[in-house]
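Please open the structure in a viewer and keep the selection panel at hand. The stops below proceed from the whole chain to single residues.

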Amino acid sequence: ALNSMRDGEGGEVLCVQMSRANHACDPNAEYNFVDDDGAMVLFALRKIVPGEEIVISYTNGEDMASKETPEKLRSLLQTKYGIKCPEGCRCFDADRAKIVAEARSLDTLVYAKGSSGDGKGALLA
């Protein structure tokens, strides 16, 4: 919905000011929903210089966390927001795609190892 942001639990909340942030595949900020306060908080991912536009990823980390391909995420941006990533965008970077694939593989391994824990939260080798 217009002017809404995902709350991290599958829902959406109205954020009139926060929703003004534009998308970038290489964002300089991210947002998180703080359950205790019911607030949406914007965090810098790197130093942002005065006058620089603050941009977030509309996929909110889905490019790393999801199993969606970069092509599928670009399609989502095009369909849902009308954003067409330009050639040269980091989401077209083959080296980055390899790193994302490796990270997903490690996530699977960590999940599998975590599932074989001792029941007390310990990770067993």
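Throughout this tour, a residue is called buried when its relative accessible area is under 20%, exposed when that area is over 50%, and partly exposed in between (1.4 Å probe, protein chains only). The model is a predicted one, in which local features need pLDDT of at least 70 and side-chain atom pairs count only at pLDDT 80 or more, whereas totals for chains, interfaces and linings use all residues. Residues are numbered from 1 along each chain as its sequence is written, and side-chain values use heavy atoms, with hydrogens and water left out.

**The whole chain**

Display the protein chain as a cartoon: three helices and six strands appear, in the sequence order β-β-β-β-β-β-α-α-α. Helices (H or I, at least four residues) and strands (E, at least two) are DSSP runs, numbered from the N terminus. Of the 125 residues, 26% are buried. The accessible surface, computed by the Shrake-Rupley method with a 1.4 Å probe, amounts to about 8800 Å², and carbon and sulfur atoms account for 55% of this area. Contact here means heavy atoms within 4.5 Å; among contacts between residues at least 6 apart in sequence, 45% join residues at least 24 apart.

**Serine 57**

Select serine 57, in the loop between β6 (55-56) and α1 (62-65). Is this serine buried or exposed? Serine 57 counts as buried because its relative accessibility is 10%. Setting aside residues up to four places away in sequence, serine 57 touches His23, Ala24 and Pro27.

**Tyrosine 31 and the core**

Move to tyrosine 31, which belongs to strand β4 (residues 29-34). Its relative accessibility of 5% places tyrosine 31 among the buried residues. Draw a distance from its C-alpha to that of isoleucine 56: the two atoms are 7.6 Å apart, although 25 residues separate them along the chain.

Isoleucine 56 leads to the largest nonpolar core, which has 13 residues; Cys25, Ile56 and Cys85 are those with the most contacts inside this core. Such a core is a set of buried Ala, Val, Leu, Ile, Met, Phe, Trp, Tyr and Cys residues joined through side-chain atoms within 4.5 Å. Now centre on cysteine 85: apart from neighbours within four places in sequence, this residue is in contact with Cys25, Arg74, Leu77, Cys91 and Phe92.

**Helix α2**

Select residues 70-81, the 12 residues of helix α2, which reaches 16 Å from first C-alpha to last, close to the expected 16 Å. That expectation is 1.5 Å times one less than the number of residues. Leu73, Arg74 and Leu77 are buried in α2. Viewed down the helix axis, the buried residues of α2 fall within an arc of 100 degrees, so they line one face; the arc is taken over the directions from the axis to the C-beta atoms. The face turned away from this buried side carries the exposed residues Glu71 and Thr79. Just after α2, glycine 82 adopts a positive phi of about 75 degrees.

**Salt bridges**

How many salt bridges does the structure hold? There are two, each defined as a side-chain nitrogen of Lys or Arg within 4 Å of a carboxyl oxygen of Asp or Glu. One joins glutamate 71 and arginine 74 (3.6 Å, N to O), both in α2 and three residues apart, about one turn of the helix. Arginine 74 is buried, with a relative accessible area of 15%.

For the other, select glutamate 52 and arginine 46, whose side chains meet at 2.6 Å, N to O. Glutamate 52 is partly exposed at 26% relative accessibility, and arginine 46 is partly exposed at 43%.
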